[in-house]
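Colleague: I have a few questions about the labels used on this model. Could we go through them together?

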Amino acid sequence: MSQEWIYTIVFLAWLAGAAAFVIGLHQMNSPATARDGNRLSAGGMTLAVATTLLYLITREGGLNLTAWAIIVVGFAIGGGLGLYLARTVKMTAMPQLVSLFNAVGGGAAALVAIDDYLKVVGTAEENVTTAIFVVLGVVIGCVTFSGSLIASGKLQGLVSGKPIIVPGGRILTSLFALVALGGFVVLVLAAGGALTFDTTARTVVLFAIIAAGLLFGITMVLPIGGADMPVVISLLNSFTGTAAAMAGFVISNPVLIISGALVGASGGILTKLMADAMNRSIMNIIAGGFGGGEGVVGAVAGPGGTVREISPDDAAIQLAYASSVIIVPGYGLAVAQAQHALRELAEQLESRGVDVKYAIHPVAGRMPGHMNVLLAEANVPYPQLKEMEEINPEFERCDVALVVGANDVTNPAARRPGTPISGMPILDVDKAKSIIVIKRSMGRGYAGIDNELYTNPKTGMLFADAKEGLAALLAAVKQV
């Protein structure tokens, strides 16, 4: 078979893989088809990787022993590590794992661009187009790499979740941006012949751009508080896709261009939706300064009141004799790995004829869709998962709202001006006829303010770890 025919087959396989990405991404719009969409996308990537390997083997010159060793070691490390993480990482650690994946993707895209530029710099193959895509890929990839590592460290607790204000940080961030922009202009003009720079000087400029991109990512993410991490993860995910698309342009790989563009566009759209769900602009989030980390002391003047503590037996009676219950899951549910216990309680209530639904806030948890994935892992029926816009009108008609580990997304303080979460859309839990909150303590959420829901006269606080509290509730309901 001629080299031309082999490349045609490879190119068609790349397009098939790209089509699988598009269809798979579309299927991820619904929880019912998301798993199939994920599998289809994985199959598309497998096809793209396999046919790329075929192309490398059959091209002129083939693969030498060193190249084979690099490929085999890469497959072993990447595939082995991916399989290990998929089987061992807990759902609570999924956000920081996604951040690490963002870092790996951004870093890989930057390395591809750097490697290609070092090969063509000073040769006839260097041109303006190559310089543009190389610099864009390097800058976006480096920002994604360092920024994602900081975000992952904040989520893991290795870096403080509080906004870390670097002295002169905004000036430094602006300076790094100017260095990257200046380097971009220099390399593009040099590639076009408008500037006379030798190969060594251009390489130095490239590495200055790399350093500026890495430092920009650090100074951009450090001042951002933990409450904004879901949006930051989504934004950096968009950066990863964009960097991958730039790398695809550099090496003329259509499947990389298409997949990168899909990730970049979907991540950008999701970032905008997440920012809207917090009633904040993306630029305001990047500027940082919101959210001091869970449990940070901070008070905001508001309606006073006393906390009413209840026992599992008292809560069980309310739930067992209710006709409608809305469950509001939050990060505390994920921390306690209590999703299975929650499903068991819901099934017990349903066996008594209780109508059970789940209210999902867009930024509940620490990454987009965190609660959806958590509950799907426990086999909670998809139709019971209701987004905020759909479920909010139903709170007024429900008998009991059961809040499990959710905090800021239920705080009525968002409806008053002058608070860190003013204007943020929340779940209208306080409009339910009765409210039960399972929480370990009165600790504050990432916004660092008291939750006025806890002092609502309709609210009963069941102080317990989510898994233990739900187990006690289940046992008590069975006795009613």
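**Reasons behind the labels**

Modeller: Happily! In helix α6, the buried residues are Gly169, Thr173, Phe176, Ala180, Gly183, Leu187, Val188, Ala190 and Ala191. Keep in mind that this is a predicted model.

Colleague: What do the buried residues of α6 pack against?

Modeller: They pack against α4 (94-120), α5 (128-156) and α7 (199-221).

Colleague: How do you know that the span of helix α6 agrees with what it should be?

Modeller: Helix α6 runs over residues 169-191, which is 23 residues, and at 1.5 Å a residue these should span 33 Å. The expected span takes 1.5 Å times one less than the number of residues. The end C-alpha atoms of α6 are 33 Å apart, so the two values agree. Just after α6, glycine 193 has a positive phi of about 90°.

Colleague: Why is leucine 15 called partly exposed?

Modeller: Its relative accessibility is 36%. Buried means under 20% and exposed means over 50%, with partly exposed in between, so leucine 15 counts as partly exposed. Leucine 15 sits in helix α1 (residues 3-27).

Colleague: Which residues form a nonpolar patch on the surface?

Modeller: Leu15 does so with Tyr7, Phe11 and Leu12, and together they have about 340 Å² of accessible area.

Colleague: Why does asparagine 379 count as exposed?

Modeller: Exposed requires over 50% relative accessible area; asparagine 379 has 57%, so it counts as exposed. Asparagine 379 lies in the loop between α14 (370-377) and β3 (385-387), and its phi is positive, near 65°, although the residue is not glycine.

Colleague: And why is glutamine 337 called partly exposed?

Modeller: Glutamine 337 has a relative accessible area of 26%, and partly exposed lies between the 20% and 50% cut-offs, so that label applies. Glutamine 337 belongs to the loop between α12 (331-335) and α13 (339-351). Its phi is positive too, at about 50°, and it is not a glycine.

Colleague: Which residues have the most contacts inside the largest nonpolar core?

Modeller: Those are Leu345, Tyr358, Leu470 and Leu473, in a core of 41 residues. Helix α16 (residues 466-479) gives the largest share of this core, six residues. Another core lies apart from it, with 23 residues, among them Ile391, Ala406, Leu453 and Met461.

Colleague: What does leucine 473 touch?

Modeller: Leaving out residues up to four places away in sequence, leucine 473 touches Pro312, Ala315, Ala316, Leu319, Leu345, Leu402, Ile438 and Leu462.

Key:
Residues numbered from 1 in each chain as written. Predicted model: local features only at pLDDT ≥ 70, side-chain atom pairs only at ≥ 80, totals over all residues. Heavy atoms only, no water. Helix = DSSP H or I, 4+ residues; strand = E, 2+ residues; numbered from the N terminus. Buried < 20%, exposed > 50% of the residue type's maximum accessible area, 1.4 Å probe, protein only. Patch = residues over 30% accessible without salt bridge, like charges linked within 9 Å, V, L, I, M, F, W, Y side chains within 5 Å. Areas by Shrake-Rupley, 256 points an atom, 1.4 Å probe, with all protein chains shown as cover. Salt bridge = Lys/Arg side-chain N within 4 Å of Asp/Glu carboxyl O. Contact = heavy atoms within 4.5 Å. Core = buried A, V, L, I, M, F, W, Y, C linked by side-chain atoms within 4.5 Å.
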